[in-house]
Every structure is written in C-alpha cells, then in structure tokens.
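Dear colleague,

I am handing over the structure below, and my notes on it follow underneath. Please read them with the sequence and the structure side by side.

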Amino acid sequence: MTPQDLQQLLSENFAEWVRALDLTVIGADADHVLMRMPLGPHLARVGGIVSGQALAALADTTMVLAAVAQAGAFKPFATTDLHTQFLRPGTGSAILCRAEIVRAGKALVFARAEMTEADSGKVVATATATFFAP
C-alpha cells in the first residue's frame, strides 16, 4: 500500500481526536510505515514537551497502519496490548514514528515502533503492541 492509500484509510477510519493529531504518512511499504506528527502547544505538557498520550497515540496509529500495509488491505485491527517506553523529553517541530511488523499470525499481529525528534534525530520513545486481526 502506498503512503497515500494509508493516509486515506487514516482519514476515513480513525477517530476524530486521532485525526486531530494531524498525522502524515510519509513512507510505507510491506515492511514498515513512517509517520510524522507536527508538534504545537495543543500537544505540549508542562515544560513544553510533547505529552506521553500523544506519543502513545502516534505509536499505536502507526503500528496499526503498518499491520494494514503488511496485510495489503484494510482490516479493523484491535489493539490488545500497548507498551510505551518514554526515553527523553520530545521537543522541536515534529516527531517521526517508524513502525514495523515483528510477526503476523492468523489472529495476532505483533509490532514495534520507534519515535524520534524530526529536528535532532534523537530517540524519544519506543513502543510495542499486539493487535487482534479479525
């Protein structure tokens, strides 16, 4: 699936509050998805750093789209487990999230993601998730 295909699926199938994060799919193939989340005051917590909730939503959304790209067609994957490790404060103009599928079985898909500051390239957080594949 192309980045444009995944962007359209994002706009048509995800909750309004997720779409409000202004996520952009900037790269995709069967092995990974790369997404960009611009930073602004609406995502900042005390101290001007990006909130953990926004990072977790970015990771979850990017990993779901990676599962869709790997499957080659839209499926309403359901998150059954999400683990996020916050490594450093995220600042700058945007956060990039790269997600890949670790293993895709018949019922479960396992994924991992890494989030970096777009400006510095520093890793801000990592995440792993398990999705139920209907």
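The buried residues of helix H1 are covered by elements that include helix H2 (16–19), strand E1 (24–28), E2 and H3, contact being taken as heavy atoms within 4.5 Å. This is a predicted model, in which local features need pLDDT of at least 70 and side-chain atom pairs count only at pLDDT 80 or more, while totals for chains, interfaces and linings use all residues. Residues are numbered from 1 along each chain as its sequence is written, and side-chain values use heavy atoms, with hydrogens and water left out. Helices (H or I, at least four residues) and strands (E, at least two) are DSSP runs, numbered from the N terminus.

In H1, which spans residues 3–13, Leu6, Leu9 and Leu10 are buried (under 20% relative accessible area; exposed is over 50% and partly exposed in between, with a 1.4 Å probe and protein chains only). These leucines lie on the same side of H1, because they cover an arc of only 100 degrees around the axis, the arc being that of the directions from the helix axis to the C-beta atoms. Gln4 and Glu12, on the other side of H1, are exposed.

E1 and E2 form a hairpin with three residues between them, and they pair in the antiparallel sense over four bridges, where pairing requires that DSSP finds at least two bridges between two strands. Threonine 24 has arginine 36, in E2, as its bridge partner.

Serine 51 sits in the loop between strand E2 (32–38) and helix H3 (52–71), and serine 51 is buried, with a relative accessible area of 14%. Leaving aside residues up to four places away in sequence, serine 51 touches Leu43 and Arg45.

With best regards
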